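I opened my notebook to work through this structure piece by piece. Here is what I looked up, in the order I went.

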Amino acid sequence: MAIDCEDQELLDGFLAETTELLEKLDDDLISLEKSPEDADLMNRIFRSIHTVKGASSFLGFDMLVKVTHKTEDVLNRLRKVELTLTPEIMDVILEAVDLVKTLVADIKGGDIIERDLEGTIAKLIPYLSENAVEATVLAPVFAPKEEKEAAPPAAPTEPAASQQAGEAAPAEPQPAKAEPKAESAPKQVAPSPQPKPQPVKEPQKAPAKGGEDLADNSTVRVDVKRLDDLMNQVGELVLERNRMIQLHSDYQTGLNPAEFGDDFGKLSKRLNFVTSELQMQVLKMRMLPVEKVFKKFPRIVRNLARDLGKEVDLVIYGEETELDRSVVDEIGDPLIHLIRNALDHGLETPEQRLAAGKDRTGTVVLSAAHEGNQIVISIKDDGRGIDPDRIARKALDKGLVTDDQVAAMGTREILDLIFLPGFSTKEQTTDLSGRGVGMDVVRTNIRKLNGIIEIKNELGHGSEFILKLPLTLAIIQSLLVEVEKEVYSIPLASVIETMRVSKKEFHMIGGQEVLKLRDSVLPLLRLQRTFGCHEVYTDRDTCYVVIVGVAEKRIGLIVTRLLGQQEVAIKSLGKFLSNLPGIGGSTIMGDGRVALIVDPIGLVGGAA
Amino acid sequence: METALTKVKSEEYGGELIQLVSFNLEKEEYGINVLMVREIIRMLNITRVPNTPHYVEGVINLRGKVIPIINLRKKFDLMDTEYDKRTRIMVMEVVGELMGFIVDEVSEVIRISEKEIQPPPPVVSSGIEQECMAGVINQAERLLVLLDLEKMFSADERRLFSNVA
C-alpha cells in the first residue's frame, strides 16, 4: 500500500519528530527500568508515546495508532501504579516500541507493509486486563486474545474504536470481536499471555535493524544561532569578494599600481581569516554529539545481558562529546561489536564473579572524550580479561598463524590476533558471536576512519579497548613534503617528528635501512622507492626523515625536502584508485595541482 | 502516419541515428558514443599516482574533483609520443565514475545510422583488446573503430586497477 499523504511536508515533519521521539524513548525506557519510581521520566515516556499516537492518527496511519495506543494503555497503568514494572513488562513494551519503529521505517520507505501487529499487541493486553477502567474491553480473561484476532479484519475501524475505548467508550469493540471469535477459537491457545523468551527474541531482532535505519541521516537539525553565525560569515565573504573584484578592476585600469601589492596582501589576509572562520562554523554544524550512537547501547546491553544471563551495569561518560557526522556514522558498528564482546567474552556470569571475589554485577564503562584533535572512545569491562595464551592457541588451532610466528610475538602482537578475520575463541557459533567477523569489522571501520585501536588488558581484572579517532575526515592538517620533485602530503596527526640527516648516518640491518635515533633504532622507508619516483637529485647527501607513528609502530620516511604545513581538504581518488597501498587520498593545492595524501597506516603495515 | 511509425520505432530502439565523437590515436580513427562524453579538455598538469598500471597516467583536478587519467595509447600498447597542442583529454563517465582519456586529437561529431555498424573483425592487429571494440563503421572514405569503454573496464580489470602494486 503506497502512502497517500497529500502534504509531503507534514509527513516529513511527522517522520522527523517521531524518529527523534522514538530514539529518546529507548533510552528513557531503560532508565525507567533502573528507577521505576521516577515520575518525571514516566511522564516523559508517556508523553512521547502519546505524541506519536496523536500524530499518526492525524495522518491516518492506523497500524501505528493501534500499537501505540495499546502501549500507551500499559504505560498509563504503570504511571498510575496499577502495575509494577517487571523486566517482562519492559520486554513487551520494548518490543512494541520496536514494532513502532519498524512501522515508521516502513512509512519512511514510502510503502506501508501489512505487518503482524497482533503478536505484540497480544502480549501487551494481559497487562491491561485487571484495569477497572478498561474492564469492559478486557474483563474476561480470554477477551484480550479475541481482540487480537479481531484486529486484522477490522483494521480500518479498529483504531478509532480502540481509541475511544481508552477513554471508556467500551461498547463498540465488542461487536467487532464477536464474529471472529468462533473461527479463531482454536488459535487462541497458542499465544500465551506471559511473554516467553522465544517469541520475544525473533521480533526483537528484525525491528532492531529497522531501528537503525531509522536514524535519520538525510537531514540535519542545526542550532539557529550557528546558522546565524554562518550567515554572518558568508556576508563577510561576500564583502571580501566585492573588495577583490574592485581591486582587480582598479588594477586593470592602472589605478595605483604601487598600492596593489599592499592591498592585495591585506585582502588575502582577511580572506584567510574569513574562510577559516567559515570552515570552523561548517565543521561545527556537521558535529553531532556521540550520544547519538551511545544512546542505543543501554538497550542493547540490557537485551544481551538478559540473553546471556549476566548482570551488567553500563556506565556511560562523555556522551555530549561532539564529532563529525561521518565519524558518528561509522563508529556505531564497531562499538556494538566491542560491547557485545565485552559482555559475551569479557564479563563472567554472576556465579563466576562471586567465586572470583568480585561483585555480582559486572560493569562496562563506555566513555568518550576529546584529546587534542582526536576523540578517544573507550570500552572497559571488569571481567576476566583476555588470556594471551588462549588467543595464541586458538589462532594456531584455526591455522591463522604458525608456531614460529607465535613464538616471535610479544603479548601485544598476540592480542592483536583477535582482529584477524576468522578468529574466534568460541567453539560454537551462536547467534551472538563465534563467526570471527566482529573484530575484523572493528578493525576495518577504525582503519577507514584513520583511527587507532589500543588494547589494555589485565588478566582476571578486565580489558579496555581504546579507539582514537580523528575529529573529522574531510579536512586535515598535513605536512607537505617533496619526494624527487613530486609533492606528497602526510597527515600531521601521524607525524611525530621530522629531522634533517646525512645519508651517512643510515645503517643497514638485515636488508632494512635503519637510523639510530636517540636510544632506539628506527626502520626507514624511502618514499622515492615505495612510490617509484624518478630519482632527480643524485648528488645530495642530506635528506629529511619524517617519523610517523601508527598505533605503537614508528617508521621514518625519507623525503627530499619539507615544504610546510597546510590544512588540506581530502578528495577521494574515486573507486578505481581507492585501494592503492600507501596512498590515502588526494587534495588540491593552492596552484590547482593535485597532491596525493600518504596513508601512514598502509606504509607502516607494508614495512613491518 | 508513416512519420508517426518511424518515430515510435526510433524511440524503441534508442534512435536509429547515433552520434559519435571521433578521435585519433596513431593515425587511426576511433568513435565513441557522444552520450558517454562529458567534456573534452586540453592537457593539464597530471599528478602521477604510484603503483598503478602503466596506462594510468595519474590524476587531475577537474574543477575541484579529482579524476584518474588513462593514456589510451599506453592502454592499447601503441607507441608513446610527446603530448602536443592537439592532445586532448576526453572526460567520460565510465561505470558511474568520471575518468579522463588522453587521445592524440579529437576531430568531430559524426552521425551514423546504427545499420552502418558492423561487428568487429575476428582478428585485431593493432593491439586493442577485442572486447572493448563494439564494432567497425565502414563509410566511403573512412574506417572508424567504435569503442565500448564500459567493457574495457570490466569488473576484473577494475579490481586489478586498484590492486596492482
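**Entry: around β15 of chain A**

I began with a pair of strands: β14(A), residues 542–550, and β15(A) run antiparallel and are joined by seven bridges. To see one position in that pairing, I looked up Gly549(A), which stands opposite Arg554(A) in β15(A). A reminder to myself before going on: this is a predicted model.

β15(A) also pairs with β13(A), residues 520–526, where the two strands run parallel and three bridges join them. Here I found Leu524(A) opposite Gly556(A) of β15(A). I noted the general rule beside this: strands of a sheet pair through backbone hydrogen bonds, in a parallel or an antiparallel way.

Is β15(A) mostly covered or mostly uncovered? I checked its residues, 553–559, and five of the seven are buried, so I wrote down "mostly covered", taking buried to mean 20 or more other C-beta atoms within 10 Å.

**Entry: a five-strand sheet in chain A**

Next I traced an open sheet of five strands in chain A, in the order β2-β4-β5-β7-β6, with mixed pairing. Its edge strands are β2(A), residues 312–317, and β6(A), residues 452–458, and each of them pairs on one side only. From one strand to the next, the twist averages 15 degrees.

Inside this sheet I picked out β4(A), residues 362–371, and β5(A), residues 374–381, which run antiparallel with eight bridges between them. One position I could point to is Leu366(A), whose bridge partner in β5(A) is Ile379(A).

Which helix lies across this sheet? I found α15(A), residues 325–346, lying across β2, β4, β5 and β7 of chain A. The helix runs at about 20 degrees to β5(A).

**Entry: two helices of chain A, checked by length**

I then tried a small calculation on α11(A), residues 224–252. At 1.5 Å a residue, its 29 residues should span 42 Å, and the end C-alpha atoms are 42 Å apart, so the two agree. After this helix comes Gly254(A), which has a positive phi, near 80 degrees.

I repeated the check on α3(A), residues 62–79. Its 18 residues should span 26 Å at 1.5 Å a residue, and the end C-alpha atoms are 25 Å apart, which agrees. Just after α3(A), Val81(A) has a positive phi of about 60 degrees.

α3(A) is mostly covered, with 15 of its 18 residues buried. I zoomed in on Met63(A), which lies in this helix. Why does Met63(A) count as buried? There are 23 other C-beta atoms within 10 Å of Met63(A), and the cut-off is 20 or more, so Met63(A) is buried.

Who touches Met63(A), if I leave aside its neighbours within four places in sequence? I found Leu103(A), Arg115(A) and Leu117(A) in contact with Met63(A). I also looked up Val104(A): it is 41 residues from Met63(A) along the chain, and their C-alpha atoms are separated by 10.0 Å.

**Entry: chain B and its sheet**

Turning to chain B, I counted four helices and 11 strands. Six strands form an open sheet with mixed pairing, in the order β8-β1-β2-β11-β10-β9. β8(B), residues 105–113, and β9(B), residues 117–118, each have a single partner strand, so one side of each is left without a neighbour in the sheet.

At one of those edges, β9(B) pairs with β10(B), residues 133–138, in the antiparallel sense over two bridges. There I found Gln118(B) opposite Val136(B) in β10(B).

**Entry: where the chains meet**

How many residues does each chain bring to the contact? I noted 20 from chain B and 21 from chain A. On the chain B side, the elements giving two or more residues are β4 (56–62), β5 (65–71) and α4 (155–163). α4(B) gives the most, with four residues. By class, this side of chain B has nine nonpolar, eight polar and three charged residues.

**Entry: totals for the two chains**

I closed with whole-chain numbers. Chain A has 22 helices and 18 strands, and 33% of its 608 residues count as buried. In chain B, 29% of the 165 residues are buried.

For contacts between residues at least 6 apart in sequence, 68% of those in chain A join residues at least 24 apart. The figure I wrote down for chain B is 52%.

Key. Residues are numbered from 1 along each chain as its sequence is written. Chains are lettered from A and ligands numbered from 1 in the order in which they are written. This is a predicted model: local features need pLDDT of at least 70, side-chain atom pairs count only at pLDDT 80 or more; totals for chains, interfaces and linings use all residues. Two residues are in contact if their C-beta atoms, placed from the backbone, lie within 7 Å. Ala, Val, Leu, Ile, Met, Phe, Trp, Tyr, Cys and Pro count as nonpolar, Asp, Glu, Lys and Arg as charged, and the others, Gly among them, as polar. The expected span of a helix is 1.5 Å times one less than its number of residues. A residue is buried if 20 or more other C-beta atoms lie within 10 Å of its own, exposed if 12 or fewer, and partly exposed in between; C-beta atoms are placed from the backbone. Two strands pair if DSSP finds at least two bridges between them. Axes are lines fitted to C-alpha atoms, for helices over the stretch in contact, and angles run from 0 to 180 degrees between N-to-C directions.
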